[in-house]
Amino acid sequence: MIVKKIIILFIGCLLTLSSCNKAKSKSEESTVNPSETSSDGAGQVPGITDESEITFDADNYDFKEIKKGDKVTHEFKFTNTGKKPLVISEVRPSCGCTTPEYTKEPVFPGKKGFITVTFDSSNFDGAVLKTIAVSGNFKTKVIQFQAKIK
């Protein structure tokens with residue numbers, strides 16, 4: 001009798017583990033469907049995958065010397081060098097002095113997108129280095145810019 005209970009318990013454990021593996025493999029197979037993402041970035045964003053990869057033309061920019069109070073803008077261009085559509089979910093500057101705009105729709109493999117940053121130098125003097133974290137369904141990347149405020 002005890003042997004039967006142990007066998008039933010063992011089979012139950014196997015079934016439970018089997019169903020967990022099936023659920024995991026289904027979530028790993030998910031792909032980006034452009035219709036699931038709205039153009040304002042408020043849609044569903046797929047999980048991070050090694051099959052989406054963002055590669056910047058240059059991930060650092062130097063504004064050189066600018067006058068205190070100037071607002072300067074630079075466009076960072078990138079390419080999706082992965083195998084699946086790339087979706088940016090967040091562009092987070094290191095401070096409120098920098099305002100980002102970015103491609104909100106999915107960027108398909110081989111296609112280009114942009115991140116435009118506008119820096120307000122009003123509250124700065126001397127050398128400045130600012131970073132921007134770019135997140136989405138890819139490994140987070142950091143881009144940066146620098147300037148010398150006079």
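What pLDDT does the protein average, and what share of the residues score at least 70? The structure is a predicted model, with an average pLDDT of 80, and 67% of the residues score at least 70. Residues 13-45 have a pLDDT below 50, and this stretch makes 24 contacts in the model beyond near neighbours in sequence. Where pLDDT is low, the predicted coordinates should not be read in detail.

The protein contains one helix and eight strands. The helix comes at the start of the pattern, which reads α-β-β-β-β-β-β-β-β along the sequence. The chain has 150 residues, of which 31% count as buried. The exposed surface of the protein amounts to about 9,600 Å², and 54% of this area is supplied by carbon and sulfur atoms. When contacts between residues at least 6 apart in sequence are considered, 67% of them join residues at least 24 apart.

An open sheet is formed by four strands in the order β1-β3-β6-β5, with antiparallel pairing. The edges of this sheet are occupied by β1 and β5 (98-102); each has a single partner strand, so one side of each is left without a neighbour in the sheet. On average, neighbouring strands of the sheet are turned by 30° against each other, direction ignored.

The pairings can be followed across the sheet from β1. Strand β1, residues 54-56, is joined to strand β3, residues 71-80, by three bridges in the antiparallel sense. Within this pair, Thr-55 lies opposite Thr-79 of β3. Strand β3 in turn runs antiparallel to strand β6, residues 112-120, and nine bridges join the two. Here Glu-75 is placed opposite Thr-116 of β6. The pairing of β5 with β6 is also antiparallel and comprises five bridges. In that pairing, Glu-101 stands opposite Thr-116 in β6. Thr-116 therefore has Glu-75 opposite it in one pairing and Glu-101 opposite it in another, in keeping with the strand order β1-β3-β6-β5. In a regular strand the side chains alternate between the two faces of the sheet.

One disulfide is counted in the protein. The bond links Cys-95 and Cys-97, with an S to S distance of 2.2 Å. The two cysteines fall into separate accessibility classes, because buried means under 20% relative accessible area. Cys-95 has a relative accessible area of 22% and is partly exposed, whereas Cys-97, at 12% relative accessibility, is buried.

Gln-146 was examined as a further position. This residue belongs to strand β8, which covers residues 141-149. The relative accessible area of Gln-146 is 31%, and the residue is accordingly partly exposed. When residues up to four places away in sequence are not counted, Gln-146 touches Asn-60, Tyr-61, Asp-62, Phe-63 and Lys-64, together with Val-128 and Leu-129. The C-alpha atom of Gln-146 is separated by 6.3 Å from that of Lys-130, although the two residues are 16 residues apart along the chain.

How values were computed
Residues are numbered from 1 along each chain as its sequence is written. Side-chain values use heavy atoms; hydrogens and water are left out. Buried means under 20% relative accessible area, exposed over 50%, partly exposed in between (1.4 Å probe, protein chains only). Contact means heavy atoms within 4.5 Å. Accessible areas come from the Shrake-Rupley method with a 1.4 Å probe; for residues, only the protein chains shown count as cover. Two strands pair if DSSP finds at least two bridges between them. A disulfide is a pair of cysteine sulfur atoms within 2.5 Å. Axes are lines fitted to C-alpha atoms, for helices over the stretch in contact, and angles run from 0 to 180 degrees between N-to-C directions. pLDDT is the predictor's confidence in each residue, from 0 to 100.
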